[in-house]
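Q: Could we go through this structure together? I would like to start with how one pair of helices crosses.

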Amino acid sequence: MSYSSVIVSIFLMAFIILLTRILPFLLFRKKELPEVLSYLERNIPPLIMLLLVLYCLKEVKWTSAPYGFIEFGAIAVVVIVYLWKNNALLSIVSGTAVYMFLINVLAST
Amino acid sequence: MIFKAAFRKTIPVMFGYVPLGIAFGFLLTQAGYHWFFAILMSVVIYSGATQYLAINFFINHAALVEIAVTTLLLNLRHSFFGLSLIRKFSGTSHVKPYLIFALTDETYALITAIDEPEQRSKTRYYFFISLLNHLYWVTGTLIGALLGQVFKTDLKGMEFALTALFVVLAIEQYRKIQSIKPFIIGAFVGIVCLVFIAPKYMLLASILSGTTILLLLRNRN
């Protein structure tokens, strides 16, 4: 793609993304939030958080070795360390370290 | 201090954004595009999934319509994010446009996980979180784009920090809402969509169907 087409595409994408981000604020700026929306406001964040976890696992090959065990093992480390120490950073670092170790060990065998 | 508190909250995002930004900058420059484009994209688009996809668009000479529709579908979830932030963002007058522009998955996750601070510090707190995350993404991109013109790097596995971040934030969400309903719905639609929907649309499809189920189950608790 030529440089000018790339520039046009970049600003087109930027505009559309801004539109998706700004839309709810434009529609509901003045009005009081209806009951149904405050129900969604409470329930959508936990829903989306779980979906983002699953989305992160979309490339995992469940039907061939190691059947997602590496991802599950690393997630288990994250959960256990977080429940145990209640420290987000520590739990993320240990989970990622375990994941990177396992991935690189498997790649070298 | 507000900045320090915001910085500490964003450290996990830094571990996710910097390596992912490096990978993006690296890939785009390897595809033959000047590092300046990588920076421009991370500043004005600021959406990981979209930017990775854009590399394919550029290489395959995609039509503008195709780019527009795919970008819209891929990012429609942001409208749901905003929906749950209308109240939180009220009274953040002068930085509100930037907060809305910089509303990524991770920034949304952090802001919704934080208990509402006092009104006066709220504006600055949200602003610092949004700005720091944006800076991590741009910094990572810059490093990757410059590396991409010189070296080959291997960052295998580091992106798992993002998965881990979402896991931790899901636990925090549970502690806040004290209800397993949204998680059961999420697990159900998430797994169904992982199996039946193309990865590109999995997030959008699962959010739409999950929200629909939430609405249907509103009166039964």
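A: This is a predicted model. In it, α4(A) and α10(B) form a right-handed crossing.

Q: At what angle do the axes of α4(A) and α10(B) cross, and within what distance do they come?
A: The axes of helix α4 (residues 88–107) of chain A and α10(B) cross at roughly 140 degrees and come within 9 Å. Since angles over 145 degrees would be needed for roughly antiparallel, α4(A) is therefore oblique to α10(B).

Q: Which residues meet there?
A: From α4(A) come A:Ala88, A:Ser91, A:Ile92, A:Gly95, A:Thr96 and A:Tyr99. They meet B:Phe160, B:Ala161, B:Ala164, B:Leu165 and B:Val168 of α10(B). By class, this contact has 8 nonpolar and 3 polar residues, with no charged ones.

Q: Zooming out, how many residues of each chain are in contact with the other?
A: On chain B, 71 residues are in contact with 54 residues of chain A.

Q: And which helix of chain B gives the most to that side?
A: That is helix α10 (residues 160–177) of chain B, with 15 residues. The side of chain B that touches chain A divides into 49 nonpolar, 18 polar and 4 charged residues.

Q: Staying within chain B, how does α8(B) lie against α10(B)?
A: The axes of helix α8 (residues 105–113) of chain B and α10(B) cross at roughly 25 degrees, coming within 10 Å. Because this angle is under 35 degrees, α8(B) counts as roughly parallel to α10(B).

Q: Left-handed or right-handed?
A: The crossing of α8(B) past α10(B) is left-handed.

Q: Who makes the contact?
A: On the α8(B) side, B:Glu106, B:Ala109 and B:Ala113 take part. The α10(B) side supplies B:Leu165, B:Phe166, B:Leu169, B:Glu172 and B:Gln173. This contact of α8(B) with α10(B) divides into 5 nonpolar, 1 polar and 2 charged residues.

Q: Different topic: where does B:Phe57 lie?
A: B:Phe57 belongs to helix α3 (residues 48–59) of chain B.

Q: Is B:Phe57 buried or exposed, and why?
A: B:Phe57 is buried, because 22 other C-beta atoms lie within 10 Å and the cut-off is 20 or more.

Q: What is B:Phe57 in contact with, beyond its neighbours within four places in sequence?
A: With those neighbours left aside, B:Phe57 is in contact with A:Ser9, B:Ala62 and B:Ile67.

Q: What separates the C-alpha atoms of B:Phe57 and B:Ile67?
A: The separation is 7.1 Å, and B:Phe57 and B:Ile67 are 10 residues apart along the chain.

Methods:
Residues numbered from 1 in each chain as written. Chains lettered and ligands numbered in written order. Predicted model: local features only at pLDDT ≥ 70, side-chain atom pairs only at ≥ 80, totals over all residues. Contact = placed C-beta atoms within 7 Å. Helix = DSSP H or I, 4+ residues; strand = E, 2+ residues; numbered from the N terminus. Nonpolar A, V, L, I, M, F, W, Y, C, P; charged D, E, K, R; others polar. Buried ≥ 20, exposed ≤ 12 C-beta atoms within 10 Å, placed from the backbone. Axes fitted to C-alpha atoms, helices over the stretch in contact; angles between N-to-C directions. Parallel < 35°, antiparallel > 145°, perpendicular 65-115°, else oblique. Left-handed = near helix turned anticlockwise from the far one by under 90°.
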